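Student: I would like to work through the helix geometry of this model with you, step by step.
Tutor: Gladly; let us look at the structure and then take the questions in turn.

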Amino acid sequence: MSVKKTALDKDLRWQKRMDAGMGETASISAKLGLALVFLLACSAFVAFQMGGVPQSGFLIAAAVIGGYMALNIGANDVANNVGPAVGSKALTMVGALLIAAVFEAAGAIIAGGDVVSTIKNGIIDPARMPDPQTFVWAMMAALLAAALWLNLATWVGAPVSTTHSIVGGVMGAGMAAVGIDAVNWPTMGTIAASWVISPVLGGLIAAGFLAFIKFRILYTDDRVAAARKWVPILVGVMVSAFTMYLMMKGIKKIWKVETPVVIAIGIAAFVITVLPVRKAVFRASANMTGRRKEIASLFRVPLVVSAALLSFAHGSNDVANAIGPLAAIVSGINSGEIVTSAPIPIWVMVIGAIGIAAGLILFGPKLIKTVGTQITKLDPIRAYTVALSAALTVIVASALGLPVSSTHIAVGAVFGVGFLRESLSHRRRKINPPMLVNVGNGDQANEHIEALRQIDPNEAKKAEKKLRKRLLVRRNYAFTIATAWVVTVPAGAFLGALLFFTIRGIML
């Protein structure tokens, strides 16, 4: 009888796994189908708009590639803005997707600008291009190369910089079209420097604020009183930072403000924010007993707002990675000239905005989970420091003239928070060994060590040491992500060169 029961259990488990696999396959197929519908809509719209224009077929292909790039930006890059909020449970996945999609699209359309640079970061010299046709081929190759690399990175679960992806594509296509001398190597050097500067600076700033919160609020005898004192100031710092961040990055294309004015407005935002937030914190903390979860709840609303503002700023800036080369192709075909800055037709902007939002909703959850839950455990306090670091790092780097990547900053901030937790955890266990009861499985872990001590004291010591040295950051993700960052520009360059030769071979 027991044999039959075991066989039945195995059959049921196998059937359950098969059903889950079929459900996942159906979900992926549906998402791919919806993405294909979007790309077909792009081609149909451009075919209707540009039917009588010379090389309309080339324009249709370029629009589809631009839409494909926008989908991949949404799938990969937007996770950095909302991942910490989801990981900390300040936002549900559905809520994060809706907020990010709306604000990404709004940022792209409202503050994306009327004119866009066609050659990202001045990587290649357009004057060296032999003719407009070669320039158009190079831009198309660069755009497709960046999109393919982003697609691969999303598939393996690595958040990478979309800016670096398009930079690599432009560099490779430019070298294939003109030669190695066409590349601005000093600029490439600054981009390489950002691989280190961005995550380190983001991690240090996030860890610094988390340490401040821990020692000034969480490690005090009266947490509620400490929260009433410091939370309004911390929220004021965030409001000030995001005000300056949006003025420097979010709306710079529609309202360019001098640095002294940005600083003055940032200070005013801090002053205006502190008093009403202090009143709100006093009301919210009236019945609090001082538990960590209660203190963390005070950071939920600022965290949700920061996710929306980061998405708006990202949409206004990074939509150019999809529409910049596309605008170059459109302008190059229409004018017959090589253009370094091009006006953005409204249909190009719409493709970029809708594509980013659609890519986020369809394929974004994978990277959102990676950033929010799979590197280290986040709560609203830790996620707050990540979001604040994302804004402050850009401000500090801009003031110092340092190259940074928003993707690298956000992910570096998550790692910085995790490594600080790990360091403080190890230090407190050395000082206070009884803390072991709160590690791993709690009392079960302690009981296991006690039982092991009766059998083999040496093994018990090893187990205790391992428990005290537990890792709170997943190293395998650090290796995967760092490798993807280093490889992004070379991989984009290789694909850009290969695709340029392919396009030229087809067209000639």
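Student: At which residue does helix 7 bend?
Tutor: This is a predicted model, and helix 7 covers residues 185-218. At 1.5 Å a residue its 34 residues should span 50 Å, and the end C-alpha atoms lie 48 Å apart, which agrees. Within helix 7 there is nevertheless a bend of about 35°, and the residue where it is found is Ser 194.

Student: Is helix 12 roughly parallel or roughly antiparallel to helix 13?
Tutor: Helix 12 (residues 320-335) packs on helix 13 (residues 346-363) with the axes 10 Å apart and at an angle of about 155°. Because angles over 145 degrees count as roughly antiparallel, helix 12 is, relative to helix 13, roughly antiparallel.

Student: How many charged residues does the contact of helix 12 with helix 13 have?
Tutor: From helix 12 the contact draws on Ile 323, Leu 326 and Val 330, which meet Trp 347, Val 348, Met 349 and Gly 352 of helix 13. By class these divide into six nonpolar and one polar, and the number of charged residues is none.

Student: Which word describes the orientation of helix 4 to helix 11?
Tutor: Helix 4 (residues 93-111) and helix 11 (residues 300-318) have axes 7 Å apart and pack at an angle of about 40°. The angle therefore makes helix 4, with respect to helix 11, oblique.

Student: How many nonpolar residues are in the contact of helix 4 with helix 11?
Tutor: Helix 4 contributes residues including Ile 99 and Phe 103, while helix 11 contributes, among others, Val 304 and Phe 312. Five residues of this contact are polar and one is charged, and the nonpolar ones number nine.

Note on methods:
Residues numbered from 1 in each chain as written. Predicted model: local features only at pLDDT ≥ 70, side-chain atom pairs only at ≥ 80, totals over all residues. Heavy atoms only, no water. Axes fitted to C-alpha atoms, helices over the stretch in contact; angles between N-to-C directions. Helix = DSSP H or I, 4+ residues; strand = E, 2+ residues; numbered from the N terminus. Parallel < 35°, antiparallel > 145°, perpendicular 65-115°, else oblique. Contact = heavy atoms within 4.5 Å. Nonpolar A, V, L, I, M, F, W, Y, C, P; charged D, E, K, R; others polar. Expected span 1.5 Å × (residues − 1). Bend = angle between axes of the 7 residues up to and from the residue.
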